[in-house]
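Q: Could you take a close look at one part of this structure for me, the charged side chains and who they pair with? A walk-through in plain bench language would be great.

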Amino acid sequence: MTLSVNIRKSFPSFRLDVRFESSASRVGILGASGCGKSMTLKSIAGIETPDEGKIVIQGNVMYDSEKKIHVKPQKRNIGYLFQNYALFPTMTVAKNIEAGLRGPRQENRERVQEMIRAFRLEGMEERLPGELSGGQQQRVALARIMAYEPDVILLDEPFSALDEFLKDRLQQELYDMLKDYQGTAILVSHDRDEIYRFSEELLIMHQGQVITSGETKKIFADPGYKEAARLTGCKNFSRIQRKGGHKLAAIDWGIELQCAREIPEETAYIGFRAHEFLPIWGERKQNCIKVRLAGSADLPFEKNFYILSENGKGQENICWFLQKEQWGMLREKGLPDYLQFPEEHLLFLS
């Protein structure tokens, strides 16, 4: 399955300009609220019409502004799973699943029973959505979509209204149900953990545009852009002054960093994740910052420390997050004298 999207649409507050092509079975779109994620899904589904561009699914043109092609949503063979699952409240489970089928009655009934078994809904056929748990409603909504075998499934923040325990359980349940799906599933979310868990390929959106795309794990390891790094969970950033190919001044941290690898010329920021620091007791080593505590927070499974910059010019404190299994060394040694930035974890960002 190949999906190609190249669309533009103007809104009062921003301009949507999205271009990507993917043959992955699981695609994630990560971005802050209001960046255009859901609008991208609605354009793919045909609910929204772009001002210009082209959308092609498996070689079939769904939208082409130049050729005046705009296939209606019901003809696109796309399944759309909304946040609230959009089940018909006065229809039974069986009738909800049957709602999208257009074949002969007996064939539809057989397909409904097949979905009832596949999604573990036996005994619930005559229940109404209001009589089901959140997980059961999700299974019904997905069964309704899968009954007509769509080419693409669009998942529009389906877990955002759930508490953490239920979210984790339903995420795993959904991913298990999609394991054998042969088409492309696209999940939009502002939750980086959810996206990382789900997607093979990732698009990161900011203010209506895709700022980076590619293999999910590679983007998390090397985001390339400051906003992409922030969205993937990086907490520490500094403007930089490049001092040759292997040395830089981290302006907001008040330190200099020496690098064995070449510092790209286009680098404007350095980023560092809060969990990657190496604590140093005793003498200062290369690529260290002095530990001067601005504050701390004790969480159930993590201690968060906020460190002052060395020159006092940083607008934000440096975050150092320590996992529970590492707390013992603090009890034994106390706070370190320095935190070291291991070079392999430095993020060069534009």
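A: Sure. This is a predicted model, so let's start with one pair. Arg 19 and Asp 17 meet through their side chains in a salt bridge, with N to O at 3.1 Å. Asp 17 counts as buried, because its relative accessibility is 18% and the cut-off for buried is under 20%.

Next, a pair inside a helix. Glu 98 forms a salt bridge with Lys 95, and their closest N and O atoms are 4.0 Å apart. Both sit in helix H2 (residues 93–98), and because they are three residues apart there, about one helical turn separates them. Lys 95 has 47% relative accessibility, so this residue counts as partly exposed.

Then there's Glu 256 with Lys 247: these side chains also meet in a salt bridge, 3.1 Å from N to O. Glu 256 has a relative accessible area of 36%, so it is partly exposed. Lys 247 is partly exposed too, at 30%.

Back to Asp 17 and Arg 19 for a moment: they belong to one network with Arg 8, Arg 15 and Glu 52, joined by salt bridges that share partners. Over the whole structure, a search finds 19 salt bridges.

Now for a charged residue that goes without. Glu 302 lies in strand E19 (residues 302–307). Glu 302 is buried but has no salt bridge; the nearest side chain of opposite charge is that of Arg 192, 7.9 Å away. That pair doesn't qualify, because a salt bridge needs a nitrogen within 4 Å of a carboxyl oxygen.

What does Glu 302 have instead? Its side chain makes a polar contact of 2.7 Å with the side chain of His 275, and another polar contact, of 3.4 Å, joins it to the side chain of Gln 323. Leaving aside neighbours within four places in sequence, Glu 302 is in contact with His 275 and Gln 323, and also with Ala 297, Phe 321, Leu 322 and Trp 327.

For the nonpolar side of things, the largest nonpolar core has 42 residues. Among those with the most contacts inside this core are Ile 97, Phe 119 and Leu 155. Helix H4 (residues 134–147) gives the most to this core, with seven residues. A second, separate core has 27 residues, including Phe 14, Phe 20, Leu 203 and Met 205.

Notes
Residues are numbered from 1 along each chain as its sequence is written. This is a predicted model: local features need pLDDT of at least 70, side-chain atom pairs count only at pLDDT 80 or more; totals for chains, interfaces and linings use all residues. Side-chain values use heavy atoms; hydrogens and water are left out. A nonpolar core is a set of buried Ala, Val, Leu, Ile, Met, Phe, Trp, Tyr and Cys residues joined through side-chain atoms within 4.5 Å. Buried means under 20% relative accessible area, exposed over 50%, partly exposed in between (1.4 Å probe, protein chains only). Helices (H or I, at least four residues) and strands (E, at least two) are DSSP runs, numbered from the N terminus. Lys and Arg count as positive and Asp and Glu as negative; His and the chain ends are not counted. A polar contact is a pair of N or O atoms within 3.5 Å; within protein, one must be able to donate a hydrogen and the other to accept it, and residues adjacent in sequence count only if both atoms are side-chain atoms. Contact means heavy atoms within 4.5 Å.
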